[in-house]
Amino acid sequence: MNNLTKPKIKEGFLGQNMVVLSSDQKEKIHTHPFVHHLFPDAIGYFPNAKYHSRSRKNGTKEYIFLYCLEGEGWIKMNGKTLRLTPNTAFIIPENTGHKYGSSLKEAWSIYWIHFSGDYAATFYKRFSALADEAVKIAFDENRITQLNEIIQLLESDLSDEKMELTHFRLTTFLSSLCYVNTLENTIEDKISLSVSFMKTHLNESLTIEILAHQACYSISRYSELFKQKTGYSPIQFFIRLKIQKSCEYLNFTNLNIKEICKEVGFDDPYYFSRMFKKQIGISPMQYKKVHH
């Protein structure tokens, strides 16, 4: 790190915990085959840090993660001022002049991390690059545990195993913040849920009406959104899933064609064979001879 200023209260804050790596430790990290991709150069926890502030005209070589648990504070950067309130966080990019500090009325309690490596810019981009304000974080005790574990690891002898574990802990922690919306969007995506519904009802003859109703859309809207996401109409996609499942039965069981039809919801074996050949290129019997 560079341009670090001293805290206004030299003795620090009651209950604080912090670790700053030495130049020798950093050199050890930079020569590790994968740990150097992402690693904390310093980390700390400052509770009730009333007079805590920093001012760095040219920024630092690392990215700085600030996570407010209680109280309030502020960050000044690029001509803007951001407020940090409970359960919010922000990442200050490398080599960017900034100031930040605690509110005097409502002193903040914060975790902070200086981190660097090849992955650092991506985590910054995913978390703060497009944010006009501090990013809200749903409180999760597991994240606090991860941060404390990173501190404990860095306080140790920093063997290869502990360096590697620190790398994984930090990667896990930042990933839980940077990709939470991606995960939630996938879970809440009605089309993804519809595909899951199809997979659990492959032995049935679902109609477009049933599928649209299950997804809470009109038939036309459901069909439009489904094709945008998958490239197929709902029924075409459902048949593709059935055929894919039938391939598993042909590969790994001794079921005959009539029995497989029942398992994947086809009443007519001849229609099943036509759909199978259309998708796979050969008949079910030819497929079984080749792959079974």
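**A buried central strand and its surroundings**

Of the 8 residues of strand E9, 8 are buried, so the strand is largely enclosed by the rest of the structure. The model described here is predicted. Strand E9 spans residues 109–116, and both of its faces are covered. Ser109, Tyr111, Ile113 and Phe115 are buried on one side, and Ile110, Trp112, His114 and Ser116 are buried on the other. In a regular strand the side chains alternate between the two faces of the sheet.

Strand E9 belongs to an open sheet of 6 strands, in which the order is E1-E2-E9-E4-E7-E10 and the pairing is antiparallel. The edges of this sheet are formed by strand E1 (17–20) and strand E10 (135–136), each of which pairs on one side only. Within the sheet, E9 is joined to E2 by 7 bridges, the two strands running antiparallel. Two of the facing residues can be named: proline 40 is opposite phenylalanine 115 of E9, and alanine 42 is opposite histidine 114 of E9. E9 is also joined to E4, again with the strands antiparallel, by 7 bridges. Here leucine 66 has tryptophan 112 in E9 as its bridge partner. Phenylalanine 115 and histidine 114, which face proline 40 and alanine 42 respectively, are thus listed on opposite faces of E9, and both are buried.

Strand E2 (39–46) is mostly covered, with 7 of its 8 residues buried. Besides its pairing with E9, E2 pairs with the edge strand E1 in the antiparallel sense over 4 bridges. Asparagine 17 has tyrosine 45 in E2 as its bridge partner. Towards the other edge of the sheet, strand E7 (residues 88–92) pairs with E10 in the antiparallel sense over 2 bridges. The bridge partner of threonine 88 is lysine 136 in E10.

Two helices are associated with this sheet. Helix H2 (residues 120–127) lies across strand E4 (63–70), E7, E9 and E10, and runs at about 135° to E7. Helix H3 (residues 141–154) packs on the sheet and touches E1, E2, E4 and E9. The direction of H3 makes about 115° with that of E2. Strands E4 and E9 therefore occur in the descriptions of both helices, as strands that H2 lies across and as strands that H3 touches.

A second open sheet has 4 strands in the order E3-E8-E5-E6, with antiparallel pairing. Strand E3 (53–56) and strand E6 (80–84) stand at its edges; each has a single partner strand, so one side of each is left without a neighbour in the sheet. From one strand to the next, the twist averages 10°. Strand E5 (residues 73–77) and strand E8 (residues 98–102) run antiparallel and are joined by 5 bridges. Lysine 76 has lysine 99 in E8 as its bridge partner.

The protein chain is divided into domain 1 (17–185) and domain 2 (190–291). The C-alpha centres of the two domains lie 47 Å apart.

Helix H6 (residues 190–199) and helix H8 (residues 219–230) have axes that come within 10 Å and cross at roughly 90°. H6 and H8 are therefore roughly perpendicular to each other. On the H6 side the contact is made by Ile191, Ser192, Ser194, Val195 and Met198, and on the H8 side by Tyr222, Leu225, Phe226 and Lys229. Threonine 230 is also placed in helix H8, and at 23% relative accessibility it counts as partly exposed. Threonine 230 is 39 residues from isoleucine 191 in sequence, and the C-alpha atoms of the two are 9.0 Å apart in space.

The count of disulfides comes to 0. A disulfide is a covalent bond between the sulfur atoms of two cysteines. For cysteine 261, the closest cysteine sulfur is that of cysteine 247, at 13 Å, which is too far for a bond. Cysteine 261 is buried, with a relative accessible area of 2%, whereas cysteine 216 counts as exposed at 59% relative accessibility.

Conventions. Residues numbered from 1 in each chain as written. Predicted model: local features only at pLDDT ≥ 70, side-chain atom pairs only at ≥ 80, totals over all residues. Heavy atoms only, no water. Pairing = 2+ DSSP bridges. Contact = heavy atoms within 4.5 Å. Axes fitted to C-alpha atoms, helices over the stretch in contact; angles between N-to-C directions. Domains from an automatic or database assignment. Disulfide = S-S within 2.5 Å. Buried < 20%, exposed > 50% of the residue type's maximum accessible area, 1.4 Å probe, protein only. Parallel < 35°, antiparallel > 145°, perpendicular 65-115°, else oblique.
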